[in-house]
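Open the model in your viewer and keep the selection panel at hand. Where does this fold leave empty space, and what surrounds it?

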Amino acid sequence: MFNFEKLDDGPAKNISTEVTADMVKISLKSDPSKYCIMPQKFVDQDLERIKNMEIFEDDIWIVTYPKCGTTWTQEMIWMIHNNLDYETSSKVQLADRFPFLEWSGIIKNFTIDTFEDCKTRPRPRYIKSHLPLFLLPDQLWTVKPKIIYVARNPKDTVVSWFHHHTHLHCYNGTKEDLIEAFLTDLMLYSPMNDHVLDFWKIRDQPNILFLFFEDMKRNLDQEVKRAVKFLDKNFSQEEIDKLCKHLSFESVKDNKMINKNEEIRMIKESIGVKFDPNAFSFVRKGQVGGYKKELTAKENEMLDEYSKWPTFEEFGFEYRF
Ligand code: A3P
């Protein structure tokens with residue numbers, strides 16, 4: 001079903017680190033233009049078992065290209081689906097309430113098994129994944145559980161990805177090298193455009209909720225209400241106001257159950273690097289257009305081209321900036 005090409009040099013190799021090493025281009029034999037960049041460890045341990053994973057109709061999935069607001073949306077969806085259970089959410093890490101399916105397949109030295117954890121969770125299972133549509137379990141498309149997809153403009157996404165690589169993956173290369181890997185669609189989970197477009201094409205199916213980071217930023221109340229309706233819940237305006245406050249940037253940044261310090265510690269310690277909670281905040285800037293301060297004019301122009309991918313027009317897709 002798949003072809004595999006090791007990426008031993010070039011942009012992928014330039015940004016690969018001890019944390020996520022040995023990148024491979026996984027492409028569909030039937031359509032080689034459909035591909036994704038993942039570590040060899042994922043290919044060896046996860047690819048097949050994820051494709052064949054049993055799916056239940058009461059599963060709740062969140063799928064995104066990395067850095068598009070996954071964590072924020074996970075908290076929103078978990079809270080809504082659990083009838084605003086602030087007590088549990090204040091005691092249990094979001095990563096335990098809403099685990100990351102292929103996490104142990106991308107972090108080289110992890111000995112935990114996040115696939116097995118997700119698979120055996122009590123129902124309803126809450127599952128986060130960054131995999132593109134064609135690598136997700138086949139049964140998702142027949143059993144049709146609820147799937148929430150989140151997109152974000154590529155400029156803010158790649159800036160956020162750069163900080164993620166630097167502080168979580170211990171990348172000490174340049175921003176330019178990372179942007180080159182992103183633009184040539186040769187970095188972890190790339191290509192982003194295909195990732196987003198594949199879900200955009202199916203956004204009208206009743207089990208899909210397609211969200212934009214920018215819409216959540218500009219009108220969280222409205223996007224929360226869309227999610228409430230999608231999950232067949234009903235809350236008062238007062239309850240929604242309280243949830244929006246709980247989901248605000250300031251609140252999430254200070255919330256130790258959401259802000260991922262624990263995960264960053266695990267990643268750093270997997271390669272023997274000491275974790276310093278003051279060195280980096282995963283909930284970093286949370287802005288729309290923050291890229292303007294962090295990209296050069298040339299990088300901005302190159303990303304303009306990327307964001308105006310011709311195929312998007314055909315499908316009526318436009319990134320929000
Ligand atoms: P920045 O790095 O641009 O600040 P993911 O969870 O997919 O990795 O996405 C991380 C991005 O979501 C980060 O973007 C982070 O700051 C942002 N984010 C997390 N919680 C947020 C919130 N409550 N409001 C706005 N942005 C948030």
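The tour goes from the nonpolar core to two cavities and then to a pocket.

**Stop 1: the core**

Bear in mind throughout that this is a predicted model. Select M38, L135 and V224. These are the residues with the most contacts inside the largest nonpolar core. That core has 111 residues. Now colour helix 4, residues 70-81. Helix 4 gives the most to this core, with six residues.

Stay on M38 and show its surroundings. Which residues does M38 touch, leaving aside neighbours within four places in sequence? D22, M23, V24 and I26 are among them. E102 and I106 are also in contact with M38. So are L131 and L135. L188 and Y189 complete the list.

**Stop 2: the largest cavity**

How many cavities of 30 Å³ or more are there? The count is two. Start with the largest, which holds about 50 Å³ of space. Select A12, I15, S16, T20 and M23, then add H165, L186, M187 and L188; together they line this cavity. Two of these names should be familiar: M23 and L188 line the largest cavity, and both are in contact with M38. Colour the lining by class. Six residues are nonpolar, three are polar and none is charged.

**Stop 3: the second largest cavity**

Move to the second largest cavity, with a volume of about 40 Å³. Select K34, Y35, P132 and F134, followed by P191, D194, H195 and D198; these residues form its lining. Which helix provides the largest share of that lining? Show residues 192-200 as a ribbon: this is helix 12, and it contributes three residues. Colour by class again. Here the lining has four nonpolar residues, one polar and three charged.

**Stop 4: the second largest pocket**

Leave the cavities and go to the second largest pocket. Its space comes to about 200 Å³. Select W200, R203, I208, L209, F210 and F212. Then add D215, R226, K229, F230 and R320 to complete the lining.

Next, show strand 7 (208-212) and helix 14 (220-230). Each supplies at least two residues of the pocket lining. Strand 7 has the largest share, at four residues. Finish with the class colours. The pocket lining divides into six nonpolar and five charged residues, with no polar ones. Set that beside the largest cavity, where the lining has three polar residues and no charged ones.

How values were computed
Residues are numbered from 1 along each chain as its sequence is written. This is a predicted model: local features need pLDDT of at least 70, side-chain atom pairs count only at pLDDT 80 or more; totals for chains, interfaces and linings use all residues. Side-chain values use heavy atoms; hydrogens and water are left out. On a 1 Å grid over the protein atoms alone, a cavity is a set of points where a 1.4 Å probe fits but cannot get out, and a pocket is an open set with protein on both sides within 12 Å along at least five of seven lines; lining residues have an atom within 4 Å of a point. Grid points are joined across faces, edges and corners, and a volume is the space filled by probe spheres set on the points. Ala, Val, Leu, Ile, Met, Phe, Trp, Tyr, Cys and Pro count as nonpolar, Asp, Glu, Lys and Arg as charged, and the others, Gly among them, as polar. A nonpolar core is a set of buried Ala, Val, Leu, Ile, Met, Phe, Trp, Tyr and Cys residues joined through side-chain atoms within 4.5 Å. Buried means under 20% relative accessible area, exposed over 50%, partly exposed in between (1.4 Å probe, protein chains only). Contact means heavy atoms within 4.5 Å.
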